[in-house]
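Here are some notes to read beside the model. Please keep the sequence open as you go.

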Amino acid sequence: MNFLAHLHLAQKAQSSLLGNLMADFVRGNPDGLYSPDVVAGITMHRQVDKFTDQHPIVINAKQLFRPPYRRVAAITLDLVWDHFLALYWDQIEPKQTLPQFVHYARQQIEPNLYYTPEKFQELNEYLWSQNWLIRYAEPEYMSDVLNSMARRRPKLVNLIGSFDDFILHYSRFSSFFWQFYPEMITFAKTQTAKTTLLNENK
């Protein structure tokens, strides 16, 4: 769900925005199914997810949710990180506004949708036209997103209550973001270095 963060980190890593955004819609080994740069983007997305899930700050952040909502905390946290990234974008990227970045990302992705998974194409019908990535900065919009997910998938009904915990501990989550996200940027840049090294050794 953290679409904005994955796109931003992809840019930091000089990685495929398309591959990073659609990775959750690709199962198994993508080699041979897409171009090498898109495959590398899918791989980076998976590495970012792994790094995130194992990070001590993320583990601590999950504890802020009450027990009934902790099971869906990972999903809510994806939105939490995107919320603060959108909210504080001008501090993180002072040379490029969020609307400018979103416009750039859309230009990189939409022309290539024809060979991507159908569900990913459906996502793109709403992601750009409804300004999801920009509206993530609005807590009320996050509530709408979580409610919509819960309605579509009854097993995720606790997402609705998890929003209350996000609001209750808003300042703590903000603090966690500022501790965690700079490390994610550093991690993304190390992926750039690894890709460069691999290319040089070919």
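1. Terms first. Helices (H or I, at least four residues) and strands (E, at least two) are DSSP runs, numbered from the N terminus. This is a predicted model: local features need pLDDT of at least 70, side-chain atom pairs count only at pLDDT 80 or more, and totals for chains, interfaces and linings use all residues. Residues are numbered from 1 along each chain as its sequence is written, and side-chain values use heavy atoms, with hydrogens and water left out.

2. H1 (3-12) is mostly covered. Eight of its ten residues are buried (under 20% relative accessible area, 1.4 Å probe, protein chains only). Among them are Phe-3, Leu-4, Ala-5, His-6 and Leu-9.

3. After H1 comes Gln-14, with a positive phi near 55°. Gln-14 is not a glycine. The residue sits in the loop between H1 and helix H2 (17-22). Gln-14 is exposed (over 50%), at a relative accessible area of 69%.

4. Where is Asn-131 found? Asn-131 is in the loop between helix H9 (118-127) and helix H10 (132-135). Its phi is also positive, about 55°, and Asn-131 is not a glycine. Asn-131 is partly exposed (between 20% and 50%), with a relative accessible area of 37%.

5. The structure holds one cavity of 30 Å³ or more (on a 1 Å grid over the protein atoms alone, a set of points where a 1.4 Å probe fits but cannot get out). The largest cavity has about 60 Å³ of space (the space filled by probe spheres set on the points).

6. H1, helix H3 (36-54) and helix H13 (170-201) each supply at least two residues of the lining of the largest cavity. Lining residues have an atom within 4 Å of a point; they include Ala-5, His-6, Val-48, Trp-81 and Tyr-181.

Terms used. 1 Å grid on protein atoms, 1.4 Å probe; cavity = no way out; pocket = protein on both sides within 12 Å on 5 of 7 lines; lining within 4 Å.
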